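Reader: I'd like to talk through the ligand site and the empty spaces in this protein. Could you show me the structure and explain the terms as we go?

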Amino acid sequence: MSLQIALTKGRLEESAVKMLGSCGYGTEKLQNKGRALVFQDTKKDIRYFLAKANDVITYVEHGVADIGIVGKDTLLEGGHDYYELLDLGIGKCRFILAGLPDHDPLKKVGHLRIGTKYPNVTRTYFRNKGLDPEIIKIDGSVELGPLLNLCDAIVDITETGTTLKENGLIIYDEVCQISARVIVNKASFKLKRDEVMQVIEDLKKAGKTC
Ligand code: PRP
């Protein structure tokens, strides 16, 4: 049976495609893709498509994709109707609490404002500390928030630390570690179990050799 695999565009894309390639999958078209979004595997009965992280979850939950490759950050923020079967060990980064030097948000007395792309992760993190800050949703370049005094601090992901450093922000706490995961549609897991498990096993092996 044919498989549909949703891949996250951007940051994760290159390493995920490389990993599939090292499994012997025919991903050449994904490597020279231009602006195309849908690709047929040249060796296997698999179709890949590229989507934004949140949409990868949506496609998997609705059964349009049997399998999705997406960051744990996006999974933690929303969506629950899928099986998470594998940590690929790629796209490793951290959720952190950061702000301007000498402005530790955890020591602030009074009203606290946190800017983030991840309101649910942020709410849970602060709730576990017994705090209930105002959460301001920002869609990108979250580091701008404290610089322009939109917020006191941010909860965001960091990989190399460069964006924080170049904008004069420091880390006050680590929320958690994150990496890319393989998620599977619940019905596909039953109806295409052999095909799905073959992909999982191949990716597991590739992870060990990478
Ligand atoms: C993410 C994150 C940081 C940056 C961190 O943003 O929100 O801004 O990467 O990476 P670094 O630690 O390696 O510098 P992304 O590049 O995904 O885009 P965005 O700011 O538009 O959300």
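Author: Gladly! A polar contact is a pair of N or O atoms within 3.5 Å; within protein, one must be able to donate a hydrogen and the other to accept it, and residues adjacent in sequence count only if both atoms are side-chain atoms. This is a predicted model, where local features need pLDDT of at least 70 and side-chain atom pairs count only at pLDDT 80 or more, while totals for chains, interfaces and linings use all residues. Residues are numbered from 1 along each chain as its sequence is written, and side-chain values use heavy atoms, with hydrogens and water left out.

Reader: What makes the pair between Ser141 and the ligand a polar contact?

Author: A backbone N or O atom of Ser141 is 3.0 Å from a ligand oxygen atom, so the pair is within the 3.5 Å limit and counts. Two further pairs pass: a polar side-chain atom of Asp156 lies 2.6 Å from an oxygen atom of the ligand, and a polar backbone atom of Gly161 lies 2.8 Å from one.

Reader: How much of the ligand does the protein cover?

Author: On its own the ligand has 500 Å² of accessible area, and the protein covers 72% of that (Shrake-Rupley method, 1.4 Å probe).

Reader: Which residues are closest in the shell around the ligand?

Author: The ligand is surrounded by 13 residues, the closest being Arg11, Lys117, Asp156, Thr160 and Thr163; a residue is near if one of its heavy atoms lies within 4 Å. Strand β9 gives the largest share of this shell, three residues (strands are DSSP E runs of at least two residues, helices H or I runs of at least four, numbered from the N terminus).

Reader: Where does the ligand sit?

Author: In the largest pocket, because more than half of its atoms lie within 2 Å of the pocket's grid points. A pocket is an open set of points on a 1 Å grid over the protein atoms alone, with protein on both sides within 12 Å along at least five of seven lines; in a cavity, a 1.4 Å probe fits but cannot get out, and lining residues have an atom within 4 Å of a point. The largest pocket has a volume of about 930 Å³, the space filled by probe spheres set on points joined across faces, edges and corners.

Reader: And which residues line the largest cavity?

Author: That lining consists of Arg123, Phe126, Arg127, Leu131, Asp132, Pro133 and Ile135. Helix α5 (residues 119-127) contributes the most, three residues, and the cavity holds about 30 Å³ of space.
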